[in-house]
Structure formats: structure tokens, C-alpha cells
Amino acid sequence: MSWWPIFEHGCWDTGHVKSVHDFSPAGFRAAYEEKGWSQGDVARAIGVSVNTVGRWVRGKGAPSPRLFSALLKELGVPRSRLLLPLSPDADLAVLRTRAGLRQEDVAERLGVQPSDVSEMELGTGRMREEWAVTLSSLYDVSLDRLVKAREETERRWRERFDAGRGGGR
């Protein structure tokens with residue numbers, strides 16, 4: 001297995017933490033430059049290397065949800081400023097990472113285990129009805145958009161399942 005991160009379903013997967021989906025390198029650069037900051041200033045403010053910030057600016061990666069939240073705070077900009085428009089095929093994991101949240105954060109707010117959130121995002125576990133309003137608020141999306149993301153998550157799970165069975169034959 002390669003140690004290089006893999007870009008899949010709109011997220012950089014480093015094996016442990018997925019990066020924020022639809023991160024906008026241009027929006028990020030404009031935000032720190034408008035503040036009069038350099039890449040080094042950003043790096044110092046959030047505790048990463050200048051090389052890491054440079055990769056984000058060049059579109060060669062994106063911050064983790066934790067670092068994305070730190071960027072929003074330090075740059076004093078709304079989340080939408082550092083994101084591209086939401087893709088119509090966004091799934092539940094995309095909504096979470098765009099919100100700058102980890103599975104653990106969501107689990108805590110829902111009063112469940114992180115594994116419940118993981119299973120929901122993989123499509124192997126259901127999104128409980130009582131979670132919908134909380135998730136909609138956490139992810140800053142409408143209930144309709146949340147339902148579409150759940151449907152996309154389940155569609156991708158079915159594709160993976162069918163592919164594993166030889167196309168469902």
C-alpha cells in the first residue's frame with residue numbers, strides 16, 4: 001500500500017483523517033492575503049509547516065476538519081469563503097468535513113459512538129430520524145439537502161456492495 005494520500009469521493013484520505021471536501025485554494029489565498037498575511041503567518045497561526053500551507057494554496061491537499069476550523073477562526077472568515085460550491089453528489093462524509101467536524105464531534109452531539117457516525121457515512125448504518133435536525137444544523141444544510149446526501153451515501157454503498165459481488169450477478 002502506498003503512503004501517498006488518495007483522493008476519493010472529493011476528500012483526501014490520509015488513512016486516518018479526511019480533509020475538507022471542496023476546499024477552495026483561491027478563496028483561502030484571497031482570505032489570508034486580504035488580512036495582510038503570508039503563508040508563513042498562516043502556518044504559525046494554526047501550527048503547521050509553511051510547506052503544508054503551500055500545498056493547500058496549490059490545490060495539492062486540503063486541511064483536516066480540525067485545521068479548517070482553526071483557519072476559519074484565525075482568518076475571521078465564514079466557512080463559505082474557503083469552500084467551492086457544494087457538489088450535487090455530496091454524501092454525508094462530505095457534509096461533515098465541509099462543516100469542519102470530525103466523526104467524534106458529531107457523535108458527541110448526537111450522544112452516540114463515533115462508530116455509529118462512521119457506519120452512517122459508509123452507508124452500512126442508517127441515519128436515525130431523530131438525528132436529522134441536529135445533523136442539518138451541524139452541517140449547516142437544509143433537511144432536504146441532508147436527505148439527498150444520505151441517499152448518495154447509500155447509493156455509493158450499493159455500488160461497492162454490487163461490485164464486490166461481481167456486479168450483482
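The following exercises, each with a worked solution, concern a predicted model of a protein chain.

**Exercise 1. Describe the overall make-up of the chain and the confidence of the model.**

Step 1. Begin with the secondary structure. The chain contains 9 helices and 2 strands. Along the sequence these elements follow the pattern β-β-α-α-α-α-α-α-α-α-α.

Step 2. Consider burial and contacts. The chain has 169 residues, of which 42% count as buried. When contacts between residues at least 6 apart in sequence are examined, 60% of them join residues at least 24 apart.

Step 3. Consider confidence. The mean pLDDT of the chain is 87, and 88% of the residues reach 70 or more. Residues 1-17, however, have a pLDDT below 50, and this stretch has 26 contacts in the model beyond near neighbours in sequence. Where pLDDT is low, the predicted coordinates should not be read in detail.

**Exercise 2. Determine how helix 2 and helix 3 are arranged, and which residues form their contact.**

Step 1. Locate the helices. Helix 2 comprises residues 39-46 and helix 3 comprises residues 50-57.

Step 2. Describe the geometry. The two axes come within 8 Å and cross at roughly 115°. The crossing of helix 2 with helix 3 is right-handed.

Step 3. List the residues that meet. Helix 2 contributes Gln39, Gly40, Val42, Ala43 and Ile46, while helix 3 contributes Val50, Val53, Gly54, Trp56 and Val57.

Step 4. Sort the residues by class. The contact of helix 2 with helix 3 has 7 nonpolar and 3 polar residues, and no charged ones.

**Exercise 3. Identify the buried residues of helix 3, what covers them, and what follows the helix.**

Step 1. Find the buried positions. In helix 3, the residues Thr52, Val53, Gly54, Trp56 and Val57 are buried.

Step 2. Find the cover. Helix 1, helix 2 and helix 4 (65-75) are included in what covers these buried residues.

Step 3. Look beyond the end of the helix. Glycine 59 follows helix 3 and has a positive phi, near 75°.

**Exercise 4. Establish whether phenylalanine 28 is buried or exposed, and which residues it touches.**

Step 1. Place the residue. Phenylalanine 28 belongs to helix 1.

Step 2. Apply the cut-off. A residue is buried when its relative accessible area is under 20%. Phenylalanine 28 has 0% relative accessibility and therefore counts as buried.

Step 3. Name the neighbours. Leaving out residues up to four places away in sequence, phenylalanine 28 touches Phe23, Val42, Val53, Trp56, Val57, Leu71, Leu75 and Leu82.

Step 4. Compare sequence with space. Phenylalanine 28 and leucine 82 are 54 residues apart in sequence, yet their C-alpha atoms are 5.3 Å apart.

**Exercise 5. Analyse the salt bridge between arginine 98 and aspartate 22, and explain why it ties together separate parts of the chain.**

Step 1. Recall the principle. Side chains of opposite charge can pair when their charged atoms come close.

Step 2. Check the distance. The cut-off for a salt bridge is 4 Å. In the pair of arginine 98 and aspartate 22, the closest N and O atoms are 3.0 Å apart.

Step 3. Locate the partners. Arginine 98 lies in helix 5 (residues 92-98), and aspartate 22 in the loop between strand 2 (11-13) and helix 1 (25-34), so the pair ties together parts that are 76 residues apart in sequence.

Step 4. Assess burial. Arginine 98 is buried at 12% relative accessibility, and aspartate 22 is buried with a relative accessible area of 16%.

**Exercise 6. Describe the salt bridges of arginine 102 and the wider set of salt bridges in the model.**

Step 1. Identify the partners of arginine 102. Arginine 102 forms a salt bridge with glutamate 104, with the closest N and O atoms 4.0 Å apart. Arginine 102 also forms a salt bridge with aspartate 105, where this distance is 2.9 Å.

Step 2. Assess exposure. Arginine 102 is partly exposed at 38% relative accessible area. Glutamate 104 is partly exposed at 40%, and aspartate 105 is partly exposed at 24%.

Step 3. Widen the view. The count of salt bridges comes to 14. Asp89, Asp91, Glu152, Arg155, Arg156 and Glu159 are linked in a network of salt bridges.

Terms used
Residues are numbered from 1 along each chain as its sequence is written. This is a predicted model: local features need pLDDT of at least 70, side-chain atom pairs count only at pLDDT 80 or more; totals for chains, interfaces and linings use all residues. Side-chain values use heavy atoms; hydrogens and water are left out. Axes are lines fitted to C-alpha atoms, for helices over the stretch in contact, and angles run from 0 to 180 degrees between N-to-C directions. Helices (H or I, at least four residues) and strands (E, at least two) are DSSP runs, numbered from the N terminus. A crossing is left-handed if the near helix is turned anticlockwise from the far one by less than a right angle, and right-handed if clockwise. Contact means heavy atoms within 4.5 Å. Ala, Val, Leu, Ile, Met, Phe, Trp, Tyr, Cys and Pro count as nonpolar, Asp, Glu, Lys and Arg as charged, and the others, Gly among them, as polar. pLDDT is the predictor's confidence in each residue, from 0 to 100. A salt bridge is a side-chain nitrogen of Lys or Arg within 4 Å of a carboxyl oxygen of Asp or Glu. Buried means under 20% relative accessible area, exposed over 50%, partly exposed in between (1.4 Å probe, protein chains only).
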